Amino acid sequence: MYSIIVGGGDLGRALAREFLANGHEVLIIEKEAATCEQLKDELGSVSLCSIGSEIAALTRAGIERADIFIAVTPEDDDNLAACEIAKRKFNVNRVISKVNNPRNEHIFAKLGIDCTVNGVGPVLENIKILTGIFPLVHLFNFKEKELELVLVKVPDGPLADTSLKDSVLPVDAMIILLIRQGEKSEIPTPETVLQAGDELVCLIPSGSAKSLQAALAN
Amino acid sequence: MNIIIMGCGRVGAELARLFAAEEHKVTIIDVDANSFDVLLTDFGGTTLLGDATDEEMLEKAGITEADAFIAVTRDDDKNGMAAQIAKQIFNVPKVICRMYDPLQAEFFASLGLEAISPVLLFVQLVKEKIRDN
């Protein structure tokens, strides 16, 4: 697999390292010469000092044979232009963009760049998990399948001491894992009796987190 | 007409002055407050400090009422993004953007954007002048 990464910052570098460790070919396009030097010292000759939204540079990078194209610069306009060119001019199979400002995600989607990761959401959710005070946290969004993976906490109240089949949890929430303090995590059955403080990993339809949260609060 | 211009450099400022003098309602946006210094004191339009690739800033500039949007910052990608937002999200009837890179201008034109490359225009002009000799 040949991947092109635009942006040689912390994220671009970490990605490149992952690709290389898994035996894939990778090229980072980075506009700052000093950063390119660092990349060379760290990862070897895997960078091109140029602008990732410049067609001439992309051609030099061999974009025609790229399988994956990823834009992770701190500028949304640069990421957008680079991805539009990769997808619509060079027909790269997988085009993925980081969207720094979450408000821009729908603009990218509207312009045909629908494979995006927003730079705030995942970090926000991770911090929420660590605080331990949020009843529902988003773990992952399977955008193409319109499903979300969430982690919920069973509160004190009627839901505790109820078996799953008698609980009021929405029927379309698939509970795939139960995590209980001090015990082995298990795949729950309809007979599993919930306890206050249990954590449940649930697969739910996109956008239905609110109704799950409401059912928990009841 | 209601015209929004993004980027108050030489071209943006000149366009703003011209349209305002023709009694059009002009709003010019730039991220640098000092950039507005090039506008003369008798400029009859509105200046707005901010980034026009931000949807909220465009709404503040009155994009929903705009007849034309012109993106002329010195950054091709910013011009492209703002112009596409104006055209695809807000359906502004006339959208024009500048792209120095002729290849990028050609690509975005193929997507239906009115992207003009001043590099290409100048090159053509010089070519014609040399040929005329």
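The questions and replies below concern a predicted model with chains A and B.

Me: What kind of model is this, and how are residues numbered?
Reply: The model is predicted: local features need pLDDT of at least 70, side-chain atom pairs count only at pLDDT 80 or more, and totals for chains, interfaces and linings use all residues. Chains are lettered from A and ligands numbered from 1 in the order in which they are written, and residues are numbered along each chain as its sequence is written, from 1.

Me: How many helices and strands are there in chain A, and what is its radius of gyration?
Reply: Helices (H or I, at least four residues) and strands (E, at least two) are DSSP runs, numbered from the N terminus. On that basis chain A has seven helices and ten strands. The globule rule, 2.2 Å times the number of residues to the power 0.38, is compared with a radius taken over C-alpha atoms. For 218 residues the rule gives 17 Å, and chain A is well over this, so it is more spread out than a compact globule, with a radius of gyration of 22 Å.

Me: What box do the C-alpha atoms of chain A fill, and what percentage of its residues count as buried?
Reply: Along the principal axes, the C-alpha atoms of chain A fill roughly 65 × 35 × 25 Å. A residue is buried if 20 or more other C-beta atoms, placed from the backbone, lie within 10 Å of its own, exposed if 12 or fewer, and partly exposed in between. Of the 218 residues of chain A, the buried part is 33%.

Me: How many helices and strands does chain B have, and what is its radius of gyration?
Reply: Chain B has five helices and six strands, in the sequence pattern β-α-β-β-α-β-α-β-α-β-α. The globule rule gives 14 Å for 133 residues, and chain B is close to this, so it is as compact as a globular protein of that length, with a radius of gyration of 15 Å.

Me: Which helix gives the most to the side of chain A that touches chain B?
Reply: Contact requires C-beta atoms, placed from the backbone, within 7 Å. By that criterion, 16 residues of chain A are in contact with 15 residues of chain B. On the chain A side, α3 (55-60), α4 (76-89) and α5 (105-110) each supply at least two residues. With eight residues, the largest contributor is α4(A).

Me: How many charged residues are on the side of chain A that touches chain B?
Reply: Ala, Val, Leu, Ile, Met, Phe, Trp, Tyr, Cys and Pro count as nonpolar, Asp, Glu, Lys and Arg as charged, and the others, Gly among them, as polar. The side of chain A that touches chain B has seven nonpolar residues and one polar residue, and the number of charged residues is eight.

Me: Which strands are the edges of the open sheet in chain B?
Reply: Two strands pair if DSSP finds at least two bridges between them. The sheet has six strands with parallel pairing, in the order β3-β2-β1-β4-β5-β6 (chain B). Its twist averages 20 degrees from one strand to the next. Pairing on one side only, the edge strands are β3 (46-49) and β6 (114-116) of chain B.

Me: At what angle does helix α3 of chain B run to β5(B)?
Reply: In this sheet, β4 (residues 68-71) and β5 (residues 94-98) of chain B pair in the parallel sense over four bridges, and Ala68(B) stands opposite Lys94(B). Angles run from 0 to 180 degrees between N-to-C directions, and axes are lines fitted to C-alpha atoms, for helices over the stretch in contact. Helix α3 (residues 76-89) of chain B lies across β1 (2-6), β4 and β5 of chain B, and its angle to β5(B) is about 175 degrees.

Me: Which element gives the largest share of the largest nonpolar core?
Reply: A nonpolar core is a set of buried Ala, Val, Leu, Ile, Met, Phe, Trp, Tyr and Cys residues joined through C-beta atoms within 7 Å. The largest one has 68 residues, and those touching the most other members include Ile5(A), Ile4(B) and Phe69(B). Its largest share, six residues, comes from α4(A).

Me: Is Ser47(A) buried or exposed?
Reply: Ser47(A) is found in strand β3 (residues 47-49) of chain A. Beyond four places in sequence, Ser47(A) touches residues including Gly8(A), Ile28(A) and Cys36(A). With 24 other C-beta atoms within 10 Å, Ser47(A) is buried.

Note on methods:
Contact = placed C-beta atoms within 7 Å.
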